[in-house]
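Notebook open, coffee poured. I wanted to see how far to trust this one, and then how a couple of helix pairs sit against each other.

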Amino acid sequence: MFDKRLVIVSGKGGVGKSAVSAGLSLLAQRQGMRVLAVEMGSPGGLSAHFSTGPLSFNPREIRPGLHAMHIVRSEALLEYLSLQLRLPGMGRFGPFARAFDALATAAPAVREIITIGKVLWEVKEDRWDLVVADAPPTGQIGSYLRAPLSISELVPTGRIRAQSEWMREALSDPATTQLALVNLPEELPTTETLETVEWLRSRQLVADPLVLTNRVLPELEDASTPRGPVGEMAMLHRSLWSEQQEWLERIDEDLQIPYMFGVFTPGEVAAHMSDELDAIR
Amino acid sequence: MTATVLVTGAGGVGKTTIAAAMGIKAARSGLRTLVVTVDPAKRLATALGVDDLGDEPQPHRDEPSLWAAMLDASASWRAVAERHADPEVATRLAENEFFQAASEHFPASQSYAAADQAVTFVQARAWDLVIVDTPPSGGGIDFFTAPSQMADLVGGRLLRWITGGPLPGRRFFYDRAARPMLRVADSLLGSDLLERVAEFLLDLRTTYDGVAQRGREIEGVMKDSSIVVVTTADPAPVREAVRFYRELPSIASTPAVVIFNRALPGSWMAAEVPADTSMEMKHLAEMWSTETQRQHDTREEFSARHAAHVATVPWSAKSPNSFDGLADLIESAIDVPWAELGVGPA
């Protein structure tokens, strides 16, 4: 993942996408890379793991070498209009931005192209060695990855269409972009992960995704069951472990992140996650 | 009188499992109970006897007091148009390419459709108790804000934004030469995209009266419902649970209980490790007692900070994906105010 320019992190809701994004960003920063962590979805998911309060549209340096930002669509839109479409001074047209935002809510792919476009723009600008995008969940990720293609199908002419071409190339180039799908060794997440992998293979929008299965319990080799609570722990552990194995077997090639015991805060989660990712690297 | 329980919480915490198990408990106590769910895991759907169900409630084969229905949000959104628009407009809406896009892009529309459908079941008065497993979109809050957001959408908020003024007629969009904003939008997006979006929104607007009135009915049912928040003790879902306690009192009502799922037994906190156990086992004991302590502290803090009624459902060694497994799971729940929720005899 570290020799790419962009890692897009997705997965079913509740699997730990933001924790993995934060851990990955911290690990890359520890390696001395210039890193940008981007919160694409609802505010607070990623920032909680950095314990830095809400993120804004302007990247802020939260550790030496690590910047973080939240994509605010209206601001991304104004920047898109002025930088990419070369319509200077659009910032003065507040009503226009609102109108466009409304349009983006109803029109397919426009909203997604503005968001993913901002991420790809940061990659293109060369300010960062690695951009880590804490992306929307798997249920929506397809419409983001497909946005550049959708736009060229939907909009026969216009400057937005022209912009969508380089975005398609950047997303589908395996040297540039890596999609990481965070998974859990449980029924619903694993099913959704497999469906997403299948969908992505059939569309060829990005290179094959990397599956990271989170909260994997270690195997207990000791087969004894001591008296009292410790025996109860051993029994619960074995039973959860064997259920997890059933789901782990369904993913061909995956990386496993161990269950974190006794971790309280999102900040601790991110620090642990960064160590665990370092260990499996 | 039909009692309603809305079960809410972040994705992946076992909300659907607990809603289903509560339904079994209620049905076994003699209440005619309907469990309304979205997208259950396959094994859970089998346990509820709803493998192949549409959104029509079906009775369980072994437990005749228990009914279940599975919501299909995309289909019900279509039903909203059919219910509130003229037949001609409804057909045009269904054929409009933005119709599907709007239901995907506007998560509230899926939550609205789910709420609309669930309220229809409550109003049918065919059950003593309706338990709704709410969709997790937008952290779950969407379900409760959907009626007002939907009324805003069809009421022309988007149109007013597009035009930057009062609601326009159809002609507005053909007169774009006079409006620089529309010209720019055209040059960016190509020829007629804006027009197509506008036509869609104008059609949608004809459903406003129906949607607004229905929204008030839905909100009424929500205010009369008991709310159950499900979470685990992990930081992310707890953060979502906090939002429910902050935001729901002003929208619907204060949650009756927060259920911490996958709770470990209190006796594990200071577990005595027998002297003759292996290093591996000692390490295991340490990990699980730390985890138990963390869960305990998280619940204590939540209860103190949000004046919440806290209950627990144990982390079961046996995955509760059978009817009996679900029944056992809910019987092992601790501190759930069943009578207050109307689950089981008062």
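**Confidence, chain A.** I started with the confidence figures, as this is a predicted model. Chain A has a mean pLDDT of 88, with 90% of its residues at 70 or more. Which elements of chain A have the lowest and the highest mean pLDDT? I found helix 4 (residues 94-106) of chain A at the bottom with 61, and strand 5 (residues 130-134) of chain A at the top with 98.

**Confidence, chain B.** Next I looked up chain B, where the mean pLDDT is 83 and 80% of the residues reach 70 or more. Helix 8 (residues 157-163) of chain B is where confidence is lowest, at a mean of 58. Strand 7 (residues 257-263) of chain B has the highest, at 97. For the complex, the predictor gives an ipTM of 0.87 and a pTM of 0.89.

**Chain B overall.** I noted 15 helices and eight strands in chain B. Of its 346 residues, 58% are buried. I also checked contacts between residues at least 6 apart in sequence: in chain B, 76% of them join residues at least 24 apart.

**Helix pair in chain A.** On to packing. Two packed helices are described by the angle between their axes and the distance between them, so I looked up both. Helix 1 (residues 17-30) of chain A and helix 11 (residues 266-280) of chain A have axes that come within 7 Å and cross at roughly 65°. I logged that crossing as right-handed. Which residues meet there, between helix 1 of chain A and helix 11 of chain A? From helix 1 of chain A I listed several, including Ala19(A), Gly23(A), Leu27(A) and Arg30(A). Their partners in helix 11 of chain A include Val269(A), Met273(A), Asp275(A) and Asp278(A). By class, this contact has 11 nonpolar, two polar and three charged residues.

**Helix pair in chain B.** My second pair was helix 7 (residues 142-154) of chain B and helix 11 (residues 208-223) of chain B, whose axes come within 9 Å and cross at roughly 165°. That angle is why I wrote down helix 7 of chain B as roughly antiparallel to helix 11 of chain B. Helix 7 of chain B passes helix 11 of chain B in a left-handed crossing. On the helix 7 side of chain B, I picked out Phe143(B), Phe144(B), Pro147(B) and Val154(B), among others. Helix 11 of chain B brings residues including Tyr208(B), Gly215(B), Glu219(B) and Met222(B). The class tally for this contact is 11 nonpolar, two polar and one charged residues.

How values were computed:
Residues numbered from 1 in each chain as written. Chains lettered and ligands numbered in written order. Predicted model: local features only at pLDDT ≥ 70, side-chain atom pairs only at ≥ 80, totals over all residues. Heavy atoms only, no water. Axes fitted to C-alpha atoms, helices over the stretch in contact; angles between N-to-C directions. Helix = DSSP H or I, 4+ residues; strand = E, 2+ residues; numbered from the N terminus. Parallel < 35°, antiparallel > 145°, perpendicular 65-115°, else oblique. Left-handed = near helix turned anticlockwise from the far one by under 90°. Contact = heavy atoms within 4.5 Å. Nonpolar A, V, L, I, M, F, W, Y, C, P; charged D, E, K, R; others polar. pLDDT = per-residue confidence, 0-100. Buried < 20%, exposed > 50% of the residue type's maximum accessible area, 1.4 Å probe, protein only.
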